[in-house]
Amino acid sequence: MSGDGRADAGAGATRTTCPYCGVGCGVLARQVDGAVAIAGDPDHPANFGALCSKGSALAETLSMDGRLLHPMVDGRRAGWDEALDRVALAFAGTAAAHGPDSVALYVSGQILIEDYYVANKLMKGFLGTANIDTNSRLCMASSVAGHRRAFGADTVPGVYADLEEADLVVLVGSNLAWCHPVLHRRLVAAREKLGTRIVVVDPRRTATAEDSDLHLALAPGSDVALFAGLLAHLARAGAVDPDWVGAHANGFDEALRVAAAYDPARVAALTGLAARDIEAFYAAFAATERVVTVYSQGVNQSTSGTDKVNAIVNCHLATARIGRPGMGPFSVTGQPNAMGGREVGGLANMLAAHLDIDDEGHRELARGFWRAPTIAAKPGLKAVDLFHAVREGRVRALWIMGTNPAVSMPDAEGVREALRACPFVCVSDVEAATDTGEFAHVLLPSLAWGEKDGTVTNSERRISRQRAFLAPPGEARADWAQLAEVGRLMGFGDAFAYPDAAAVFREYAAMTALKTERERDLDLSGVADLSDAAYAALAPFQWPRRRGEPAGETRFFADGRFFHPDGKARFVPTAHRPPAAATDAARPLMLNTGRVRDQWHTMTRTGKAARLMTQAGEPFLEIHPDDAAARGLSAADLAEVESAHGRAILRVSPTRRVARGEAFAPMHWTDRFAPTGRVGALIAPATDPVSGQPELKATPVEARRFPAAWFAFALCRARPSPQAADYVALAPSRGGFRIELASRDALDDPERFTAGVLGLGEGVERVAYRDPARGEFRLAAFEDEAFVGALFLAPGPVAVARDAMAARLGQPVARGERLALLAGRVGAGAKDKGPIVCACLEVGRREIADAVATGARTVGDVGARTRAGTNCGSCRPEIQAMLARRTAPEVERAG
């Protein structure tokens with residue numbers, strides 16, 4: 001690698017890191033003929049050149065459309081001096097009048113280590129409050145709490161290579177195939193080579209479950225019962241390692257005493273699993289030494305999330321299956337720098353460099369290192385509590401950075417009320433219009449991926465560089481620079497006089513050496529003296545990176561030494577607790593929420609890429625066919641979904657991937673894409689009592705058929721203006737936008753409504769069809785022979801070849817083909833791929849079906865004929881299901 005971080009292979013390529021999930025894939029970005037070309041970095045040890053559908057589409061998300069390019073104050077353009085003066089005065093004045101705990105920062109796993117570090121130093125060391133929390137609280141706070149209880153520090157024991165060295169991999173609450181696709185492909189490749197067995201523990205039959213040898217579709221929130229029962233089984237089966245436990249851990253007897261209450265019959269009753277499946281899982285775990293348990297949001301996002309983590313860790317401690325190749329508990333994070341935020345103190349209950357905010361000695365270490373006038377004396381407000389405090393007026397000045405809590409937080413309507421009432425809100429973001437930015441008194445333009453420069457840490461503790469390959473647009477600035485300037489304006493000049501990101505990183509790395517060597521897991525002292533050139537060229541490395549030691553791959557706990565004061569691990573007794581809102585007679589469906597394959601968080605970035613909207617172009621509700629029938633719901637209907645906290649309107653998708661009595665909805669949609677599809681509005685603000693992480697997997701809801709008088713599907717070249725409809729779902733498409741609409745009230749003038757949706761002016765040729773008796777209306781619009789828009793309206797869900805028609809936007813259409821287009825057919829010479837299955841390579845269902853019909857018998861055959869499934873592989877389970885000519889097996893539970 002050259003000194004500026006450019007790849008040696010391939011002129012002009014910049015090595016950087018993907019901004020999506022916690023896998024931390026290396027990316028090569030090249031400028032080619034004025035455009036950006038993206039490829040996987042074959043030398044990066046996280047992905048070895050592979051990218052998922054989202055990573056592959058990164059170049060399509062770099063548009064300047066909608067970017068925030070200048071500071072805004074009270075809705076008008078302002079200069080940086082005015083904007084930052086306003087922030088500094090608001091924070092200083094509020095803290096002086098109401099105390100330091102009246103101000104707060106809410107940040108994000110999307111910001112860089114350098115940003116996080118400056119934010120924590122400013123808040124905890126110079127303002128004297130720990131009221132800085134992160135959206136990672138919604139992601140992995142329960143893992144942090146579980147690690148600290150068990151290990152004495154937030155230490156991830158394993159590395160990705162363990163998935164390739166294990167004989168058994170247990171995936172708990174992790175749809176790895178969709179949420180961490182590149183890591184999933186590494187696992188599947190290992191199985192194909194070595195015969196690795198895969199067990200999936202998840203209420204839904206996900207794409208990951210399709211690739212498993214055993215799917216345990218347990219009842220929501222019953223993970224503790226399953227793993228407490230496993231601990232008891234390990235003891236009965238003689239699989240516990242008593243010598244190791246006696247030498248390296250405390251608390252085993254009490255943990256086993258509690259677990260002994262979970263005999264197989266009780267586990268079956270609590271989880272709903274068949275006894276034979278429980279027995280098969282327990283026997284496989286007991287008999288297999290090299291076992292890795294990977295867990296993610298299905299474990300963490302729970303009112304018993306920390307206990308779930310410890311129930312899993314207990315089983316690995318009991319068998320001494322930790323710290324060695326191919327074994328151990330492994331938390332995979334959801335964001336590119338969620339791990340980095342944990343290391344730098346991004347959570348309200350931690351200090352930077354894994355220093356403990358509850359430890360007076362650690363607080364003094366931090367204060368002395370920073371030469372700070374004060375130090376936060378107690379943990380701050382965790383995310384849910386923070387927004388409660390804003391709503392109640394206890395927090396009166398709030399700075400939000402790189403996240404969209406008006407959508408992503410539970411009780412999202414309550415969060416909006418809090419922001420509306422807050423005397424001062426600052427938002428740093430890359431987009432000019434977000435649901436959260438609507439409430440800002442000051443909007444600050446931040447650098448986006450491709451423009452910013454710094455470091456991130458992935459799920460295996462590997463620090464990689466994000467490097468800029470684009471010039472900063474407009475007046476956008478780095479987040480750390482915004483924070484540092486506010487620090488200087490508040491009178492803390494010397495402490496925040498950083499010339500660049502490298503200086504911030506060096507200071508943070510030096511701080512990691514403050515703890516004694518015995519209690520220090522996070523150690524970056526070996527990179528604390530990097531020159532600017534060395535920082536620019538820094539290759540990915542795992543911590544610890546101790547002074548004088550070479551970089552290498554490190555597993556923790558192989559020597560049986562942990563970070564509690566006595567050097568031993570702790571078993572934590574865990575007992576089953578049902579989800580906090582498990583019973584509600586008026587709302588008998590249990591709603592699970594999560595991600596879809598091709599979207600990311602609140603779609604600020606992925607919502608710009610048309611091909612990433614083809615798998616799921618609107619918010620939906622997965623519901624068991626029996627539950628749908630009992631409510632009069634059919635496929636493609638709209639359902640009003642209501643909880644104790646809010647409501648949403650979602651497209652109905654009956655499927656046997658969910659069990660009876662359960663439902664699933666994705667978390668991504670916002671006011672900009674589907675105003676009534678915001679699922680966060682449904683979620684109760686119930687949290688884990690230890691970690692403060694909210695329950696996002698078990699909300700009681702009811703679903704009723706939305707009484708639509710009409711449904712419509714529209715295509716247009718330009719982003720449409722908001723229209724008066726009860727349901728609107730917008731998605732970019734090739735050459736324009738596609739819109740789904742529906743409303744309770746009948747339309748008096750469909751043609752006028754259509755012209756408003758499509759933005760049709762004078763001189764646009766229109767071809768229309770109207771059948772009042774059937775309640776149907778269709779209109780297609782043409783300008784200079786090009787197809788520029790259409791709307792199809794009917795009393796029921798509209799059936800047209802959506803993707804194929806969207807592909808014709810902007811294309812010339814012969815007059816002889818226009819009636820076919822009006823009928824919803826693509827016309828002569830045009831190809832209808834069907835719904836896109838492989839987003840990486842844009843291969844549709846019809847193309848795959850044609851390959852199967854003409855002799856393809858394996859996923860590999862389909863890939864050879866269509867290329868589907870040959871990139872990230874996350875569509876391979878769907879291809880396999882098509883090959884088997886079946887839908888996913890029904891989720892059933894005993895009893």
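**Helix crossing and sheet edges**

Visitor: With which hand does H9 pass H13?
Guide: This is a predicted model, where local features need pLDDT of at least 70, side-chain atom pairs count only at pLDDT 80 or more, and totals for chains, interfaces and linings use all residues. Residues are numbered from 1 along each chain as its sequence is written, and side-chain values use heavy atoms, without hydrogens or water. Helices (H or I, at least four residues) and strands (E, at least two) are DSSP runs numbered from the N terminus. The crossing of H9 past H13 (clockwise turn of the near helix from the far one, by less than a right angle) is right-handed.

Visitor: How are H9 and H13 set to each other?
Guide: The axes of H9 (223-236) and H13 (275-287) come within 10 Å and cross at roughly 55 degrees. That angle is neither under 35, over 145, nor 65 to 115 degrees, so the two helices are oblique.

Visitor: How many charged residues does the contact of H9 with H13 have?
Guide: Residues in H9 including Phe-227 and Leu-230 meet residues in H13 including Phe-281 and Phe-285; contact means heavy atoms within 4.5 Å. By class the contact has 10 nonpolar and 2 polar residues, and its charged residues (Asp, Glu, Lys or Arg) number none.

Visitor: Which strands stand at the edges of the 5-stranded sheet?
Guide: The open sheet runs E10-E9-E8-E12-E13, with parallel pairing (at least two DSSP bridges). An edge strand has a single partner, so one side is left without a neighbour in the sheet; that describes E10 (214-216) and E13 (328-331).

Visitor: Which residue in E13 is the bridge partner of Tyr-295?
Guide: E12 (291-295) and E13 pair in the parallel sense over 4 bridges. Tyr-295 has as its partner in E13 Ser-331.

How values were computed: Axes are lines fitted to C-alpha atoms, for helices over the stretch in contact, and angles run from 0 to 180 degrees between N-to-C directions.
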